[in-house]
Amino acid sequence: MRKLAWLLLIVALLAWPFAVGEFYVNLVSQIFIAAIFAASLNLLVGYAGLPSLGHASFLGMAAYFSALLTLRLGFDHTLAAPLALAGTVVMAALFGLIALRATGLGFLMLTLALSQVLWGTAYRWVALTEGDNGLRGLTRPHFLGINLDDSTAFYFFALLVMAFSLWMIARLVASPFGAALAGTREQARRMSALGHNVWLIRWITFIYAGFWGGVSGLLFVYYHKYIHPASLSLTSSAEAMLSVIAGGSGTLAGPVVGAAIIVLLKNYVSAYVERWNMLLGFVFVAIVVFMPDGLVPGIKRLWARWGQR
Amino acid sequence: MATAALTVSGVNALYGDSHVLHDVSFTLGSGRVLALLGRNGAGKTTCMSAIVGFLPPRDGEVKLFGEPITRLSPEAISRRGIGFVPQGRRVFASLTVRENLDVARQSRAGTAVPWTLKRVCELFPRLQERLHQHAGSLSGGEQQMLAIARALMGNPRVLLMDEPSEGLAPLIVAEVGRTIARLKAAGQSIVLVEQNLKLALDLADDVVMLNTGRVVFAGGVAEVRDSEALLTQHLGVF
């Protein structure tokens, strides 16, 4: 049953670009990008118990690094991509040093403040970032000689990157480190009494989450071929947070489902409903009221109940 | 008394402005069991917190086999060899039994027979049966066994146990008691905080009584047994 579901999902994902038009191919590519972003945030929110409202920093900075390196310095993507990720990791390490001085609400405010600093800088430092105009004229890389400008090629590239990212995140969660991380979320004091450096576990997780946030940022900038300070904004962070909560924090599939809902509402429903933000609000409220721990755990429970009958 | 495993000398500890421990001193001999007794609010748990580093003492000193551990971080104290079974169990509910044990694993040079998953499961056969179950789904008694097993996985040189019998059925209390007796027989140095006087006196070699944060008695277990006055005055029991 489980295997069959996986098989159907894989077949559907592989067949999708050949069955539908370009708009829908691009729509799902965007879901892939948002899914990586949400899954990386979920490491903090769900697995570490650290609610961050500044995760857009990593998406936005990786995107800006890549854009600036290719546009201003003329670097090739094969060099710009690893450099952008390295820059994002260094930034995550520094931000972690600051934000992890607190947990809970304090951590939330610190991450928000740090990301607002970046957002403000991107807005105001017009000489570097073109401010509100954003950076245009960006390109997509070639991957194994394939031009990713083609929407189907990009779709498969994004699918591949997403599968790898989710796998790497799942591996961390299932590792002994992941168990220790769950321990710090449940009872930080107990973990320190067992000889674990709670702060270090959180810092490593913060950097790891920042790295995968950066990966989603690279895909994001490749996809849009354009970058604007909005990618660093609170809205961008909050959308990822909504994805995690709506889908189910602390589950592997939750953020993917949540990201899909938000991308669909944003891109698809907005074509028909003018006040799509309101609809997003209603959907979110409904999820929180009827399935407080998110769609994935909620549906699992319903499924189990249905199976018992 | 042989070498001192744990020496607490002149420890004062405060919660904010409230002075909870006043010049607390006692010594745990190597391979012995010391029962730390006292009424509710006497400072027993605070004393544990001061030793494991949750509440660093304002002054005074804690030594583990002669090595000062005062004011180190809790993780550093744990790595020096203090194992702690907290009050109310506090197992990691969302982790499996096995994961609970794995995260606590610490190896220590010079441990004659190190604790491994296998050895811990021999001591607690019930845990063996439930290795892949979430710890939150265990019964109270099983959670207590897991909490003890988890502390043992760190191969502690001194084991602190805070009310291991609390809230357990009499049969399970007896089982916990037998386990502690086996650990003692294996040479484990133990500080036991207990409200269950019978259990404590059956297991302990030495007794330290606390009353309002001060040590009011320190001596052998026989002295306590014989002195009704001590028991009524400081513990409120007969």
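This tour goes through a predicted model, from the contact between two chains to a strand of chain B and then to a few single residues.

**The contact between chains A and B**

Begin by displaying both chains and selecting the residues where they touch, a set to which chain B gives 20 residues and chain A gives 15 residues. On the chain B side, colour α2 (74-80) and α3 (97-103), each of which supplies at least two residues to the side that touches chain A. Of the elements there, α2(B) gives the most, with four residues. If you then colour this side of chain B by residue class, you should find ten nonpolar, five polar and five charged residues.

**Strand β7 of chain B and its neighbours**

Next, select residues 158-162 of chain B, which form strand β7, a mostly covered strand in which five of its five residues are buried. With side chains shown, Val158(B), Leu160(B) and Asp162(B) point one way from the strand, while Leu159(B) and Met161(B) point the other way, and all are buried.

Add strand β6 (residues 82-85) of chain B, which pairs with β7(B) in the parallel sense over four bridges; here Ile82(B) has Val158(B) as its bridge partner. Then add strand β8 (residues 189-193) of chain B, which also pairs with β7(B) in the parallel sense, over five bridges, and in which Ser189(B) is the bridge partner of Val158(B). Finally, bring in helix α7 (residues 170-185) of chain B, and you can follow the right-handed β-α-β unit that β7(B), this helix and β8(B) make.

**Two residues of chain B with positive phi**

Most residues other than glycine have a negative phi. Select Asp23(B), which is not a glycine and yet has a positive phi of about 45 degrees; this residue lies in strand β2 (residues 18-29) of chain B. Asp23(B) counts as partly exposed because 13 other C-beta atoms lie within 10 Å.

Move on to Arg71(B), another residue other than glycine with a positive phi, in this case near 60 degrees. Arg71(B) sits in the loop between β5 (67-68) and α2 of chain B, and it is partly exposed, with 15 other C-beta atoms within 10 Å.

**A last stop in chain A**

To finish, select Gln116(A), which is found in helix α5 (residues 104-124) of chain A. With 18 C-beta neighbours inside 10 Å, Gln116(A) is counted as partly exposed. Select Ala56(A) as well and check the C-alpha to C-alpha distance, which is 9.6 Å although Gln116(A) and Ala56(A) are 60 residues apart in sequence.

Definitions and conventions: Residues are numbered from 1 along each chain as its sequence is written. Chains are lettered from A and ligands numbered from 1 in the order in which they are written. This is a predicted model: local features need pLDDT of at least 70, side-chain atom pairs count only at pLDDT 80 or more; totals for chains, interfaces and linings use all residues. Two residues are in contact if their C-beta atoms, placed from the backbone, lie within 7 Å. Ala, Val, Leu, Ile, Met, Phe, Trp, Tyr, Cys and Pro count as nonpolar, Asp, Glu, Lys and Arg as charged, and the others, Gly among them, as polar. A residue is buried if 20 or more other C-beta atoms lie within 10 Å of its own, exposed if 12 or fewer, and partly exposed in between; C-beta atoms are placed from the backbone. Two strands pair if DSSP finds at least two bridges between them. A crossover is right-handed if, with the strands pointing away from the viewer, the path from the first strand over the helix to the second runs clockwise.
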